[in-house]
Amino acid sequence: MLNKFLFNILLLCSKIPMRVLYFFSDIIYWANKLLVGYRKKVITENLQNSFPDKSREEITEIRDQFYRNFFDYIVETLKSFTLSENEAKVRVQHINQQVFKDCNEEQKDIILLAGHVFNWEWITALATIIPQEKCHPVYRKINNAFWEEKLKLIRNRFGNEALEAREVLRKMLHQKKKGDSAYMFVADQTPHFTEIHYGLTFLNQKTPAFIGYDRLSTKMDLAFVYCEMKKVKRGFYQVNYKRIFPDQEKFQPYEVVNKFHHLLEGTINKRPDNWLWSHRRWKYQDALK
């Protein structure tokens, strides 16, 4: 009962105009700056370790701007509950759509690889633009059945069909027509310590890497595409789609995961305040051999 009540409140708040939601974002930003300091220690430590050459003042400036972007992301995600297709297309510009036409003609299904760069949640309207008939946002299942259902409904807006990560391979194997599907991964997630099998150097740190999509690269004839998010201004974004090609005829083990992290690192270095620094990305470093 409580979950249903909270969901209805969120749905109602989602209908508030964006300019008003950004006003609330500003209030939350100042409350955090003056009183709360949400995960300040974690964010500061992540930034210092990732950019050892930056001064304390530069780190503070990046952290401050991150908070602005993060609270904008919160209200933008809230808006996702009721964001119209037309508004989604206006707010997110999709660059280099030729990639999707090429893959469709080559009869290759696509693995889209995005990072936690603001605002990755708004990529889902892509399903209304590209020639692929099926778009599958890939997610990790949560324990609460009510919120699992509601979040899946949100991800399925604009004609998407969300898939839990463990369903992806089975879906691919039963897919009859090739080149007609795109699978959207937020690929810089931290694997559980029991699932750490590979690590790399990312942002000057030893980093455990999620490799589920990399395993697909060596087993199936798929196209891999990097989603480079760019914040143009408040509430408006661009996504530039870049095809990832193998160095040889076929992808080698861990080749895609390394190339993805290299591209993501370049994106973060351009605008470090736009990445999700508040998550504990390096908490399982010691699990790497």
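**Figure 1. Helix α3 and what covers its buried residues.** In this predicted model, the cover over the buried residues of α3 includes α4 and β7, the latter spanning 205-208. Helix α3 itself runs over residues 40-50. Its buried residues are Val42, Ile43, Thr44, Asn46, Leu47 and Ser50. Several of these names return in the next view.

**Figure 2. Trp277 and the largest nonpolar core.** The largest nonpolar core holds 74 residues. Which residues have the most contacts inside it? They are Ile111, Leu112, Leu113, Phe185, Tyr213 and Trp277. Helix α4 gives this core its largest share, seven residues. A separate core of nine residues lies apart from it, with Phe7, Met18, Leu78 and Ile154 among its members. Now look at Trp277. Neighbours within four places in sequence are left aside here. Trp277 then touches Val42, Ile43, Asn46, Leu47 and Ser50, among others. Further contacts of Trp277 include Phe51, Phe66 and Leu203. Ile268, Pro272 and Trp282 are also in contact with Trp277.

**Figure 3. Two residues of helix α4, Glu58 and Ile62.** Helix α4 covers residues 56-79. Glu58 is found in this helix, and Ile62 lies in it too. Is Ile62 buried or exposed? Ile62 counts as buried, because its relative accessibility is 10% and the cut-off for buried is under 20%. Glu58 has 35% relative accessibility, so it counts as partly exposed. Beyond its neighbours within four places in sequence, Ile62 is in contact with Leu47, Lys54, Pro272 and Asp273. Distances can be followed from both residues. Glu58 and Gln48 are ten residues apart in sequence, and their C-alpha atoms are 9.9 Å apart. Ile62 and Met1 are 61 residues apart in sequence, with 41 Å from C-alpha to C-alpha.

**Figure 4. Phe81, in the loop after α4.** Phe81 lies in the loop between α4 and α5, where α5 is residues 85-91. Why does Phe81 count as buried? Its relative accessibility is 14%, and buried means under 20%. Which residues does Phe81 contact, once neighbours within four places in sequence are left aside? They are Phe7, Leu10, Leu11, Ser14, Ile154 and Arg157. Two of these, Phe7 and Ile154, are in contact with Phe81 and are among the members of the nine-residue core. Phe81 and Arg155 are 74 residues apart in sequence, yet 9.1 Å apart in space, C-alpha to C-alpha.

**Figure 5. Helix α7 and its cover.** Helix α7 spans residues 145-155. Its buried residues are Trp147, Glu148, Lys150 and Ile154. What covers them? The cover includes helix α1, residues 2-14, and strand β3, residues 134-139. Ile154 also appears in the previous view, as a contact of Phe81.

**Figure 6. Backbone details in three loops.** Start with Asn96. It sits in the loop between β1 (92-95) and α6 (98-105). Asn96 is not a glycine, yet its phi is positive, about 65°. With a relative accessible area of 35%, Asn96 is partly exposed. Next comes Gln107, in the loop between α6 and β2. Phi of Gln107 is positive as well, near 55°, and this residue is not a glycine either. Is Gln107 buried or exposed? Gln107 is exposed, because its relative accessible area is 56% and exposed means over 50%. The last stop is Asn119, in the loop between β2 (110-114) and β3. The peptide bond from Phe118 to Asn119 is cis, with omega near -5°.

**Figure 7. The whole protein, for orientation.** The protein has ten helices and nine strands. Its C-alpha trace spans about 55 × 45 × 35 Å along the principal axes. A compact globule of 289 residues would have a radius of gyration near 19 Å; the protein has 19 Å, so the two agree. Buried residues account for 49% of the 289 residues. Take the contacts between residues at least 6 apart in sequence: 79% of them join residues at least 24 apart. The accessible surface comes to about 15300 Å², with 52% belonging to carbon and sulfur atoms. There are 46 positive and 34 negative charges, and their mean positions are 5 Å apart.

Key:
Residues numbered from 1 in each chain as written. Predicted model: local features only at pLDDT ≥ 70, side-chain atom pairs only at ≥ 80, totals over all residues. Heavy atoms only, no water. Helix = DSSP H or I, 4+ residues; strand = E, 2+ residues; numbered from the N terminus. Rg over C-alpha atoms; globule rule 2.2 N^0.38 Å. Buried < 20%, exposed > 50% of the residue type's maximum accessible area, 1.4 Å probe, protein only. Contact = heavy atoms within 4.5 Å. Areas by Shrake-Rupley, 256 points an atom, 1.4 Å probe, with all protein chains shown as cover. Lys, Arg positive; Asp, Glu negative; His and termini not counted. Charge placed at Lys NZ, Arg CZ, Asp CG, Glu CD. Core = buried A, V, L, I, M, F, W, Y, C linked by side-chain atoms within 4.5 Å.
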